[in-house]
Amino acid sequence: MAGHSSVNPSRKYLSQTLAEWACGLRFEHLSAAAVERAKLFWFDSMGCALGGSQQEDSRILVAHHREMNPSGDGPCTLFVSGFRTNPVDAAFVNNHMVRAMDYNDIYWKADPCHPSDIICGPLALCERLGKSGKDLILATVIAYEIEQRLCEFGVPGIREYGWHHATLTAFAAPIAAGRVLGLTVDQMVQAIGISASRTFTPGAVTAGKLTNMKNTVDPWATRMGVESALLAARGFSGPEHIFDGKEGLYAVFGHVRYKDGAARFDTGVLLDTLPRGAGDHFRILDCGMKSFPIEALSHAPLTAMMKCVKENGIRAAEVAGIQVEVIARAADILGDPHKYRPDSKETADHSLPFCMAVGLVDGMVTPLQFKEKRVLDPNLIPVMDKVKVVANEEFESLFPKFQPSRVTITTTDGKTFSKRVDVPKGDPRDPMTAEEIGVKFHALGDSVIGGPACDRLAEAILTLDRLRNVRELTALTVKGKAKRAAPSKRPPRAPKRKNTGTGRASKRGTAAGAGRSGARRKR
């Protein structure tokens, strides 16, 4: 019977090698740096989830799932509302909250990705099974490792010829979920095949006019990963050759012609030097965070403009024009004609003209700038029209090692001012500190579950490796029902009026400062 098939003994497919690695990795194999980084990414992601829970698309999903499960029975918790459901739906809805504001982590090599789009899958399963914080950290590190490698091994990346990286997330999500479930190698191979068979995603979700699906496809791939792992545990089967066998990923994309060559995948990038001990390098250390709630390639140009304005004392009324030089794919994604007239948050946070205009006028780019009233403000239209986005061929050879951008501002008196930024704040080479993440976390969460509750939740996250049961963590995410976690050192929380942006940009222009400023203004 199909349900009882096992790994083909005559050939070792790529999915088996990945499954063997994931099944063999233990918490004690992780480096201290990887463990610490996993906690910080949870700190950042949970803040994003609290803020994301207030977005209209998140509210729609929660309402939908309440209607589908009116009894509210289940072993897993939805953030903020506390609604109880099954692990598959909890993984989806909670991860959508993480993603909803486009403010969570970013890794961009051949393809872009947001590995934290996966981690609520392991969280849901850990809660269901009463697993420890260490179990969650291990699955988190595995999720980051595989997702980031998948976004490196395309030659070129699949986004270059019209596919979205959620296609790749569907290969990574069942591995992280399967590790929590303790799947065997054979079962994990089946889980990968089940999940990836169902979740190939076209790039239309991030092209042109953007919709709610932009922030939904990756959480949906994670949902499929969790369900696939659960099915595999029961003996359900999937194609073990989904990567490198007949009509698998390699074969179907190998038909694509790109710049006079065939698209291909570099297996070595995916498999070479997979970390197996504390002395090895874990990819999670290479992932970045967002200091602005916008598309990843917008960070460098926005940082450059903010610095240029601050350093030269330029006022918005004095600006006649802003030329933004970026790599070609950024110009294509972020500067197409529709981006000059955004009509939704989803389009606005992927619009360089909007982000530059609102940043210039408001002196900050925080979640407040993406409220519907501000997105549709006609006063921003003439400012957006001053922004010219152009591709710079010189920058192409520097990407993805760097994200170069040059902004040149021309003032009404004919003067020009220019600033180039290669590494935006939040990049691993200029990382956000725990204190800066704390400011972002509280700016997003205080108005949702309350400041003291945010303190307790942050405390639990930053001591996650000492948490015996993840249910203690998920209980703290519920509005009005958070209980105090075990006493420990208070998490970092930056002073209200101190610039934690280390002088790299104005306080009002970064998440480390603007988030707090935005939170005060909102109150």
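A residue is counted as buried when its relative accessible area is under 20% and as exposed when that area is over 50%. In this predicted model, the distinction separates two residues that share an uncommon backbone feature. Val 80, although not a glycine, has a positive phi of about 70 degrees, and it lies in the loop that runs between β1 (76-77) and β2 (84-85). With a relative accessible area of 11%, Val 80 falls under the 20% limit and is therefore buried. Lys 259, likewise not a glycine, has a positive phi of about 50 degrees and is found in the loop between β6 (257-258) and β7 (261-262). Because its relative accessible area of 69% is over the 50% limit, Lys 259 is classed as exposed.

The backbone also contains cis peptide bonds that precede proline. One of these joins Val 155 and Pro 156, with omega at about 0 degrees, and Pro 156 is placed in the loop between β5 (154-155) and α7 (166-181). Another cis bond leads from Phe 399 to Pro 400, where omega is near 10 degrees; Pro 400 belongs to the loop that connects α18 (393-396) with β11 (405-411).

Turning to the pockets, the largest has a volume of about 410 Å³. Its lining is made up of 20 residues, and those nearest the centre of the pocket are Gln 55, Glu 56, Lys 345, Phe 370 and Glu 372. At least two lining residues are supplied by each of the helices α3 (56-68), α14 (345-348) and α16 (372-375), and the largest share, amounting to 4 residues, comes from α3. When the lining of this pocket is divided by residue class, 8 residues are nonpolar, 4 are polar and 8 are charged.

The second largest pocket has a volume of about 280 Å³ and is lined by 19 residues, of which Asp 286, Gln 403, Asp 427, Pro 428 and Arg 429 lie nearest to the centre. The lining of the second largest pocket comprises 9 nonpolar, 4 polar and 6 charged residues.

How values were computed: Residues are numbered from 1 along each chain as its sequence is written. This is a predicted model: local features need pLDDT of at least 70, side-chain atom pairs count only at pLDDT 80 or more; totals for chains, interfaces and linings use all residues. Side-chain values use heavy atoms; hydrogens and water are left out. On a 1 Å grid over the protein atoms alone, a cavity is a set of points where a 1.4 Å probe fits but cannot get out, and a pocket is an open set with protein on both sides within 12 Å along at least five of seven lines; lining residues have an atom within 4 Å of a point. Grid points are joined across faces, edges and corners, and a volume is the space filled by probe spheres set on the points. Ala, Val, Leu, Ile, Met, Phe, Trp, Tyr, Cys and Pro count as nonpolar, Asp, Glu, Lys and Arg as charged, and the others, Gly among them, as polar. Buried means under 20% relative accessible area, exposed over 50%, partly exposed in between (1.4 Å probe, protein chains only).
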